[in-house]
Amino acid sequence: MVADAGAYSGPAHPAPARGRVRLGGVFFGLIGGPAAWVTQLIVNYGLASYSCFPRIRPSPYGLPGWHGIWGGLLAINLVAVAVTVAAAWISFRDWHTTRGEHPGHSPHALDAGEGRTRFLALVGIMTALGFVAAIVFDTVALLAVPQCPG
Amino acid sequence: MADPELERRPEFATATVAYAHDLERLWETSPGIAGWLSTVDHKEIGIRYLVTAFAFLCAGGIEALLMRLQLAGPDRHVLGPHAYDQAFSMHGISMIFLYAFPVLSGFSNYLWPLVLGSRDMAFPRLNALSYWIYVAAGLFMYAGLAIGQAPNDGWYNYVPYANREYNPGMNEDFYSLGMIFLGISTTVGSINFIVTLARTRAPGMSVNRLPILVWGTLTASVANVLAVPSVSLAFFLLWMDRQFGTHFFDVPQGGQPLLWQHLFWMYAHPWVYALVLPAMGIVSDGLPTFCRRPLVGYAPVALATVATMILGFGVWVHHMFATGIPNLALAFFGGASIVIAVPSAVAVFAWTATIWLGRPVITTAFLFFASMIVLFVIGGVSGFMTGSVPVDWQLTETYFVVAHIHYVLIGINVFPVVGGIYYWFPKFTGRMLDEKLGKWNFWTMFIGFNVAFLPMHLTGLWGMPRRIYTYSPDMGWTTLNAITTVGAFIFAIGVAMLLINVVISLRVGRIAGANPWDAPTLEWSVPSPPPPYNFAVIPHVASRHPLWEDRLGESEVTSLVTRGLLLDHGRETIGTSPLDGDPDVILKMPGDSYMPLLLSVGLTMGFVGLLVHLWWLAVAGAAVALIAGVVWLWPRGTLGQRRVRHV
Amino acid sequence: MSETARSLPVLPVGTPGRRSLGWWGMLWAIVTEGTLFAYLLFSYGYFAVQLAGNWMPRQVPPLRLALPGIVLLVISVPAMWLGSFGARRGRTVALLIGLVLALALGAAFGVLQGLDWRSEPLTLRQGEFGSVYYTLTGLHLAHLAAGLLGLLLMLIWSALGYFDARRHAPVLILAAYWYFVVVVGVTVFVALYVLPRVW
Amino acid sequence: MSIRRVAPAAAALLTLLAQPAAGQRPLGYLHGEGPKAWPVVQLTLGLLAIACVVVIVTSALVVVGIWRRRVTDITDIRSVPPTRAGGGLRWIAIGLGISGVALLGSLIWTVVVLAAVNGPSRPTRLTIEVTGQQWWWKARYLDDDPSQQFITAGEIHIPVGEPVRVRLIGGDVIHSFWVPALAGKMETIPGQINETWIEAGQPGIYRGQCSEYCGVQHAHMGFLVVADPAEKFAAWRAAQLRPAQVAVPQQTGATLFVYHCGACHTVRGTGAGGTVAPDLTHLMSRGILAGDVVANTIGNLAGWIANPQGVKPGTRMPAQDLSGPELQRVVGFLQTLK
């Protein structure tokens, strides 16, 4: 058995630019959008369903005092969009500082995924943009469907 | 000088014959029944998972064929209503819980350490435990069928019908306890996958170099960790209601039937994605091999996998559109259910582009993978229709949904799985499956499946409700049902062809060699079948296609496959950091052990005791499990737990 | 072959603290068990919303035994911390003292909870609240029992000299689990004993 | 093949599937007969057309993609070296763009329909409380005046062209109220009250069916919704309010009925006052028996009473120990319940 400890020469590190970004920012970029989306979905669902189906029977015209929640629901969605855009921006910043991590332009980074730091930044951008779309899809409902069955 | 038992610099070299021989001695399972019962080799366990899952597939398939005979025409008497109800319930349970997920666990168990460049899963014994519990839980639920008291409320088991008042037999007790039992297996298996991924990859395998299969199973595992408690809790509460008179779902006392639906679907919707994402991963990894081209859009496809699962957690209410929830609240989930098509579209276009831009080599595995794209799209668009709230009010609980779920589960699970078997059988056994029989196998399954289930959409649109044991001739469903029954039998013949091919090829199949498909990933760098230690030297990965690097010519560095880390001071593998795969520990892996088996025997005793109210048996089972657990965890000198005292 | 060679560092062998696989496994076990309690608390909240005020028993569970119990359980956190601190530094005495204290405090909580059950006028079959109350506290007690068993094992293993400054992963793993049990205990306490009072 | 040519063709095919034989498929929902059903039918057909186009286009892409550069001899796999030809990302971008637009469009259409069928366009004058029971349907016609309320089973009459509110009660387990030609499903859930509404645009008999699995006879839990013109409906309603008149020749049959069946069934005007089974006061005004297992003919009625478990295995209705002549008398009495 050949013992040449110390003579190890592995390939280059997969993320040479990892020192240039903050790990917390990377994670926020990745989970900010999904977290905002899931929060607005569940909170809006709870409010919308409670306001016209409290307990055992529906309240066709809505609970007294709950008529104004439409604006609240919309506001929640806007906050969610803002958080997601912030996540996109942080990811974009990380992408900007690390895009030279590996040879190859950005389509190549999408296709092959080399350069771990810039890969995560790119994934963060896509995630956030995707979840902006998801939140918009939920907001469409708010614009058309009445709060209660009537 | 530091104690070499506690820290050392791993040697780096090429494997010699003597060294490989040492590894063989360290890692091999002892022969005979003793080794068979105590092995923790992930490859052995993976194969067992696959074989057991196929056994349950066949059982569920026989139930399906009986149902199809009953429904082949109006007013038939093949099965009575009681038998039919148990048949469709056991069919669902078998296919969803005992086949579809475990079969993917089988692939992942076998393949993960090989594609990740490791020597075993993070917790080999937990792996064995997970398998034994799976078998025990499956047999536990089938024991109900054997005594004619199988679960009879469908796989989603709505209360209050599942309550004791309406369902006084033991049927639902088998289901409740069986699902809690099975949940243990799923949970420990999932944790095992997650930690394996986080900690035991080959050096250099950063997260951007993971095969998509790994992304699929990882995502499914995280989802299971978060979702399985929901269903275990639901079944536990149901069992408490049934046995101890609690009031969770008991309406006269204020119990909430919709709470069951929430808990069940919060689990079951993510679960459905857990049944398909690893299978989509199989296609994402298999298709490029045969298209002679890396997968188009690795990053978007990896992201789509994860995003599907995240969105999958937010759509559980779309199973509850008809429960009276106000329309606005439903509309939010309608939006989520429609937007979930976006990541699916990413995957579909990535696969299609891979085919267009590659040079497809038409093998049986390729046919299964490529046909899956079409079946996936059909299952996807019918799912998209059910996401539209008002349309779903009509579609739900009709055969349209039955068609949808079969396109999803057969199209996106069975087809990739069978393709995966054609693809990896050479790796598993060292022999190729017969390609000629394979083509027959594919076309029979493909035609049979579509004959059975494509017309079923129309059966649904023409109003046939699901779970009815018979129908009258004036409903207009006779012809369609007859066609579906014919298709189901053709499909069954196709599955039988696969089994025949496996049996024949095991004996006379062409010898495969290490890499018969000229595939790019690490598992093809080791002999077929792989030695018990997988890798003589731990490889060092420099790209996502270690075996194609020379020809793709885009990486200025190359992965090291034949030269690598020598780890032979006992059963060892390398531990690496989660993001970048930097080596940070030399892991000592446990040897074979009877404790996983003993622990699952104890748990089985416990659950049987709870089922039949033999409390002493339950306590004895718990005691056996406890003893097995303590022995299992007892620190061992050879593991480095105890300091070796140099006197 | 790349010339950007990196020499491999000296690596620890076996199960060094938080690099051990067991620690990572425990983290995820905590995640899944925590989720279990989250779903149960969700069910509790669901009943609270659906049944409004009509489901609380006339007497909410008394604090007489529960309050001292939860205080003891919280005090077990520094005890457990002392134990794991001792393990990390190889100070066996601190390790043993911490483990014994945590074991005693945890057991005391269990005994008080058991006494509480006995003195409780509520029963398992008494409405939703009774069902939720016993299921939540019962599941927590089951997790506590597992923790106590773990503590007992750690005591035995420590006494046998299995742990030192370099090898102590099981203690850290158990400590993580124990903190989880305490957090769940406090959450359950707040949900069952405090919230009904401030409603 | 362009999408523009495929879409109308698919839509035409779907319309063909939906329209001609509607009457032969009484539970089909590709045709609707009321303002609540029409927008949903259009949406269903629209989404179905989109779905078909997507399937056809992607299948064609896959098949052509395989065909054009295929290698059939698999022993050659090594002779086809792996390469990375560029341009694949464009596929994903274009595909995402098209599907995103289609999805957003479908969602907007969905919420518009959802808003349209959210509630009746006019105030409702009639509310029917429908209870799902294992395995039959009870309907109580509500009225502010208790004397104007009555209960019937299996057959719900409504006035044509008028929205009717349906209040859904779960009698035992969860069932689902579904009249495909008029509206989608709504579950009847014990412990909560759901509300929906239906409106028939045309007079007719619409078949309904329980559509949530509810036990062994889930298959036989049908009902009928009969939409009548206003006058006819009013006459029916007036008739239903009347108690039964027991003619002298039927006295024995009525007594036997009260003794054997009265604990479960009600016939107003007799001593039979049970509430766990269908109200039979106007049994002969209904076309179906036992949750639509059989048509309401004299033979079926006698057979059903004589051997309920044979007709509908698992039904809650127990067999009665009636001799042949007794059975005839009971059936004879029931035949008078017009």
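The centres of domain 1 and domain 2 of chain B, taken over C-alpha atoms, lie 34 Å apart in this predicted model. According to the domain assignment, domain 1 of chain B is made of residues 4–24 together with 522–590, while domain 2 of chain B covers 42–508. Where the two domains touch, 46 residues of domain 1 of chain B and 42 residues of domain 2 of chain B take part in the contact.

The area buried between these domains is about 3300 Å², with carbon and sulfur atoms giving 57% of it. Of the area that domain 1 of chain B buries against domain 2 of chain B, 20% is supplied by B:E523, B:W524 and B:R544, which is more than any other three residues supply. There is one salt bridge between domain 1 and domain 2 of chain B, and B:R199 forms a salt bridge with B:D584 in which the closest N and O atoms are 3.2 Å apart. Across this interface, 25 residue pairs are in polar contact, both residues being at pLDDT 80 or more. Several elements of chain B give two or more residues to the side of domain 1 that touches domain 2, including helix 1 (17–27) and strand 6 (583–588), but strand 5 of chain B gives the most, with five residues.

A second interface joins two chains, with 86 residues of chain D in contact with 96 residues of chain B. Chain D and chain B bury about 8100 Å² between them, 70% of it on carbon and sulfur atoms. Two salt bridges are counted between chain D and chain B, and B:D518 forms a salt bridge with D:R78, with the closest N and O atoms 3.7 Å apart. The side of chain D that touches chain B draws at least two residues from each of helix 2 (38–68), helix 3 (88–116), strand 7 (183–188) and strand 9 (204–209) of chain D, and helix 2 of chain D provides the largest share, 17 residues.

The table sets out the classes of residue on one side of each interface.

| Side | Nonpolar | Polar | Charged |
|---|---|---|---|
| Chain D, touching chain B | 46 residues | 28 residues | 12 residues |
| Domain 1 of chain B, touching domain 2 of chain B | 30 residues | 10 residues | six residues |

As for confidence, chain B averages a pLDDT of 92, and 98% of its residues score at least 70. Over residues 639–647 of chain B, however, pLDDT stays under 50, although the model has 19 contacts beyond four places in sequence for this stretch. Where pLDDT is low, the predicted coordinates should not be read in detail.

Definitions and conventions
Residues are numbered from 1 along each chain as its sequence is written. Chains are lettered from A and ligands numbered from 1 in the order in which they are written. Side-chain values use heavy atoms; hydrogens and water are left out. pLDDT is the predictor's confidence in each residue, from 0 to 100. Contact means heavy atoms within 4.5 Å. Buried area is the accessible area (1.4 Å probe) that two parts lose on being put together, summed over both. A salt bridge is a side-chain nitrogen of Lys or Arg within 4 Å of a carboxyl oxygen of Asp or Glu. Helices (H or I, at least four residues) and strands (E, at least two) are DSSP runs, numbered from the N terminus. Ala, Val, Leu, Ile, Met, Phe, Trp, Tyr, Cys and Pro count as nonpolar, Asp, Glu, Lys and Arg as charged, and the others, Gly among them, as polar. Domain bounds come from an automatic or database domain assignment. A polar contact is a pair of N or O atoms within 3.5 Å; within protein, one must be able to donate a hydrogen and the other to accept it, and residues adjacent in sequence count only if both atoms are side-chain atoms.
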